[in-house]
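Reader: I should be grateful for a close look at one part of this model. Please choose a residue with an unusual backbone and then set it in its wider surroundings.

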Amino acid sequence: MIDRVLRGASRPVDSSSLGAFRFLLGAVMAGGLCRYVLQGWIEVVFVEPTFFFKYPGFEWVSVPGPLGLYGLFGAALLGALGVALGTFHRISLAVFLAAFTYIQLMDVTNYLNHYYLVILFGGLMMFMPLDRRHSLRTWHDPSAERRTLPVWMLYVLRFQVAVVYLHAAFAKAGPDWLWFGQPMNIWMAARSEMFLLGPILALPQVPWLMSWAGFLYDLTIVGWLSVRKTRPWAYGAVVVFHAFTFVLFEIGMFPFIMTVATTLFFEPDWPSRLKRGIVEVGRRWSDGTRLAGMLSSARWTGVGPRSARVDASARPASTASAFVSSSGWSFAGSGSSHGSRLHPVAAVALLVWCAFQALYPLRSHLHGGDVLWHERGMRWSWKVMVREKNASITYRVEDRTTGREWQVSPRRYLDWRQANEMAGQPDLIRQLAFHVANDFRERGVPEVAVRVDAWASLNGRPPHRLIDPEVDLLSLSEAAVRAGTWIEPAPTGAPKAVRTRRLAGLP
Amino acid sequence: MKIILNFIVPHETNRPAAAGHAPGCRPRTYTPEPGAIGRSRRCRLGIGLFFGLVLAASCGDDGAGADSGNGRPTLDRTPVLESVADRVVLPAIRAAEQAFANMEQAAVSARDGGDRAGLQAAWRQASLSFQALEMMQFGPLGDLGGPSAGAPRGGRGLRDEIYSWPVVPVSLCAIDQIIANDADRFEAPDFFETQLANVYGLDGIEYLAFVDTTDNACPETADINADGTWDGLEDSEIGDRRARLAAAQASFLKARVDELAEAWEQNFRDDFVSAGDGSSVFPSGQAAFDDVYAAMNQLDLLVKDDKLGIPLGIHAECLEATCPDRVESRYAGASREFIRANVEAFRRLFLGGQPEDPSRHGFDIYLRDIGRENLANDLVQDMDAMVEAAQDVDPPLPGALSSDAETLRTLHTAISDVTTTLKSQFVSVLALRVPQEGAADND
């Protein structure tokens with residue numbers, strides 16, 4: 001049984017879609033990095049601020065000077081271009097991953113789920129020779145081309161996409177999102193002036209419908225993409241959904257990344273067929289054949305996927321085996337592709353990876369309460385665009401010697417963007433408290449206690465205390481931090497959205 | 001679309017294709033299997049049901065975008081923007097225009113031998129008029145750079161040209177150095193354009209109009225003291241030069257206020273109220289709301305923190321018991337009136353006019369229109385308490401720091417109540433974006 005599974009995982013599959021995924025992801029990331037630089041965000045996000053929030057365990061990550069920053073972004077860009085072009089694949093990917101991950105680790109307030117996804121994709125791709133198809137390498141050296149790769153590579157990338165969508169759906173499965181249509185209600189009201197869409201978005205029931213549509217989309221899209229018959233419509237939905245999110249929200253590269261990532265669910269040989277189709281169209285066009293005739297031509301569509309897949313897999317029994325036996329990249333053992341099997345250690349590693357990806361985002365349930373409120377287990381969990389949360393934060397610093405108390409605004413240390421991002425996140429509020437204390441020590445007040453008046457509004461609710469105002473954030477034990485007792489319980493009332501409530505049948 | 005579909009889904013090679021057509025591409029003459037009709041109907045039914053729901057939703061009598069029952073359409077930001085522009089900002093600018101013209105006239109009169117008290121009175125009026133505009137730092141008053149730099153749209157940096165306290169407080173020594181060294185230059189038309197903002201502005205004129213000594217504010221080691229330049233000036237000459245510099249600054253400031261008025265009246269007002277509807281500055285009314293909200297934050301940063309919190313020793317910038325030297329308007333002693341002007345102007349900005357104005361259409365009305373009566377009522381109530389607390393402050397600062405600290409603390413708390421709600425629920429409910437938020441993506 002295990003042997004069958006391991007052999008099945010090594011079954012060769014056309015490498016065309018994997019090569020295309022590598023190219024598209026690299027291109028999207030290169031574009032995203034260029035956009036970041038051209039918008040002047042390096043200065044705003046990394047040069048101008050004087051304080052940066054650290055990830056636990058990564059306190060050693062420091063923000064370099066402007067020259068270093070541009071070098072870092074330049075390295076990430078070069079790496080992304082290398083990945084896209086498929087040249088010096090392993091080095092390019094390593095450079096991209098190192099630089100891009102470092103950039104993400106420099107300040108927690110820059111955390112984005114989709115950049116985490118890119119890092120995960122990059123980590124997986126380190127073990128996949130995706131430069132063996134549709135790359136500069138194979139263009140220069142056709143003998144390097146591998147027309148098939150082990151199927152586990154495709155499946156694990158698909159799994160990663162599925163994890164994102166399913167956990168994004170689980171994150172939406174709460175009363176605010178599904179019952180009260182919040183925060184969609186707030187967001188759509190703010191976008192009621194949009195050209196054409198605005199009047200529709202302003203309709204009171206539309207946010208509620210959109211909430212459900214978003215939830216059902218996230219919950220089911222992987223299934224629809226996996227079934228051949230529904231795939232065209234599902235991918236159409238992917239494009240429409242992400243186009244919507246791109247237009248409605250400042251969501252950056254996320255729509256592009258997911259539109260690219262979902263191509264993994266296409267038939268593995270789709271780029272080859274696309275290429276052949278374009279060549280055929282071009283040839284017929286140059287022959288003077290009418291376009292309409294070509295589009296409906298049985299002869300043209302005859303270069304269909306099944307024959308293509310046969311083409312792809314028939315030839316490569318030998319190429320696949322060549323890959324398997326010669327490549328140090330693959331987890332596959334030696335021997336021909338049909339006879340090879342995934343190395344058990346690699347299989348265990350893959351299983352551990354998948355189990356971690358499936359379970360780790362659920363850790364917020366261990367803490368109880370509302371993760372959107374206490375934010376414990378919020379990051380790395382695909383809780384994408386699920387809350388509208390803003391808070392007013394004022395630190396109260398007490399001189400333990402004299403009892404004198406001062407108020408400190410986070411804006412003293414942070415810029416607008418950072419202050420806004422950190423205000424709803426208790427761990428960042430606590431982290432800044434230590435910086436405030438250090439500042440006071442440097443100014444001659446060595447013994448201080450730092451408390452905070454933190455009032456947050458979640459999904460439009462009235463302001464509610466986020467953190468116990470009596471707790472000294474500096475003297476919390478690790479156990480207390482883990483237990484989260486310093487965070488006040490979430491507000492219990494429903495988010496007020498009269499029109500949505502009426503649709504939901506509430507008074 | 002067909003081309004795309006062909007590559008996403010492989011054709012069913014085992015399905016018989018109609019002659020002359022691609023497998024899977026159903027021509028009009030294709031005879032469907034019996035089950036296909038059912039599927040097609042169900043599909044149409046589903047689509048119909050969805051659009052029916054949307055249609056039903058759009059016909060609801062409580063619809064956002066429909067009449068809210070008081071004759072005003074909801075989710076229309078234009079009335080708020082019109083009210084803010086025409087009932088709050090433009091009247092404040094016109095008042096400032098007049099007050100700054102009077103101040104220029106009074107400064108010229110003082111320079112020509114007239115009464116310095118006239119200049120002092122005119123300065124108070126001009127400063128009070130500008131204190132109202134302090135709460136309205138969006139558009140031309142705002143910084144240059146646009147939203148990605150944390151600045152409002154259409155910013156021309158005029159605020160700091162007119163009054164740069166407390167970010168760039170005036171340097172009294174630098175002014176005295178100009179008095180001593182540049183007397184033959186400072187009346188040139190472009191003199192202040194070549195100077196840093198710390199030598200001119202309302203606080204610069206305050207010093208020149210109210211200082212009651214002929215000493216200078218520089219240390220002994222400064223050039224004008226070390227080389228005897230200042231000591232070489234007669235007291236009357238110092239007075240004359242100060243009056244001349246005050247007049248020059250008053251003319252420069254009046255020109256800036258005129259520029260502000262011109263910018264608002266010629267273009268910005270129309271761009272502001274037509275936000276999202278042909279405006280060349282604001283892509284949407286929401287963007288205009290964002291900028292007004294950013295300006296509202298001056299109540300927190302400028303009034304609560306800088307004007308009250310620091311002098312009172314509440315804020316960390318003051319580690320002493322109190323910091324009277326951080327009080328605004330130390331020479332004229334007008335800080336109390338300034339704070340009153342600030343909080344009243346803030347309330348006008350929020351209400352879109354004077355509270356008693358029946359035609360105003362402020363954020364409170366907008367909030368009620370979108371079903372947020374409680375939030376609107378809370379904010380209005382807190383603002384009234386804030387304005388009342390400001391009226392209670394007596395005597396003027398800095399004296400009140402010691403003699404009436406409790407009243408000042410009450411005012412500080414009252415302002416906190418407003419800004420807490422503003423920064424949490426208000427910004428959430430309206431999905432407002434803080435400055436610089438555009439310098440990042442969401443997800």
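**An unusual backbone position and its setting**

Author: With 15 C-beta neighbours inside 10 Å, A:Trp380 counts as partly exposed; a residue is buried if 20 or more other C-beta atoms lie within 10 Å of its own, exposed if 12 or fewer, and partly exposed in between, with C-beta atoms placed from the backbone. The model is predicted, so local features need pLDDT of at least 70 and side-chain atom pairs count only at pLDDT 80 or more, while totals for chains, interfaces and linings use all residues. Residues are numbered from 1 along each chain as its sequence is written, and chains are lettered from A and ligands numbered from 1 in the order in which they are written.

A:Trp380 is not a glycine, yet its phi is positive, at about 60°. The residue belongs to the loop between helix H22 (371-374) and strand E3 (389-399) of chain A; helices (H or I, at least four residues) and strands (E, at least two) are DSSP runs, numbered from the N terminus. Chain B offers a counterpart in B:Ser329, a non-glycine residue with a positive phi of about 55°. B:Ser329 is buried, with 24 other C-beta atoms within 10 Å, and lies in the loop between helix H11 (298-312) and helix H12 (335-351) of chain B.

Loops of chain B also hold cis peptide bonds. One runs from B:Trp165 to B:Pro166, with omega near 0°, and B:Pro166 sits between helix H5 (158-162) and helix H6 (172-181) of that chain. Another joins B:Leu397 and B:Pro398, with omega about 5°; B:Pro398 is in the loop between helix H14 (373-392) and helix H15 (399-403) of chain B.

As for the wider setting, chain A contains 26 helices and 6 strands, whereas chain B has 16 helices and 0 strands. Of the 507 residues of chain A, 47% count as buried; for the 443 residues of chain B the figure is 50%.

Helix H14 (residues 254-261) of chain A is largely enclosed by the rest of the structure, because 7 of its 8 residues are buried. Among them are A:Phe254, A:Ile257 and A:Met258. The buried residues of this helix pack against helix H2 (16-38), helix H6 (113-125), helix H8 (151-172) and helix H13 (231-248) of chain A.

A:Ile257 reappears in the largest nonpolar core, a set of 246 residues in which A:Ala76, A:Ile257 and B:Ala246 touch the most other members; such a core consists of buried Ala, Val, Leu, Ile, Met, Phe, Trp, Tyr and Cys residues joined through C-beta atoms within 7 Å. Helix H3 (residues 78-111) of chain B gives the most to this core, with 15 residues. Leaving aside neighbours within four places in sequence, A:Ala76 is in contact with A:Leu33, A:Phe96, A:Ala99, A:Phe100 and A:Ile103; contact requires C-beta atoms, placed from the backbone, to lie within 7 Å.

H3(B) also packs with helix H4 (residues 116-134) of chain B at an angle of about 160°, their axes 8 Å apart. Axes are lines fitted to C-alpha atoms, for helices over the stretch in contact, and angles run from 0 to 180 degrees between N-to-C directions. H3(B) is therefore roughly antiparallel to H4(B), a label for angles over 145 degrees; those under 35 count as roughly parallel, 65 to 115 as roughly perpendicular and the rest as oblique.

Notes. Contact = placed C-beta atoms within 7 Å.
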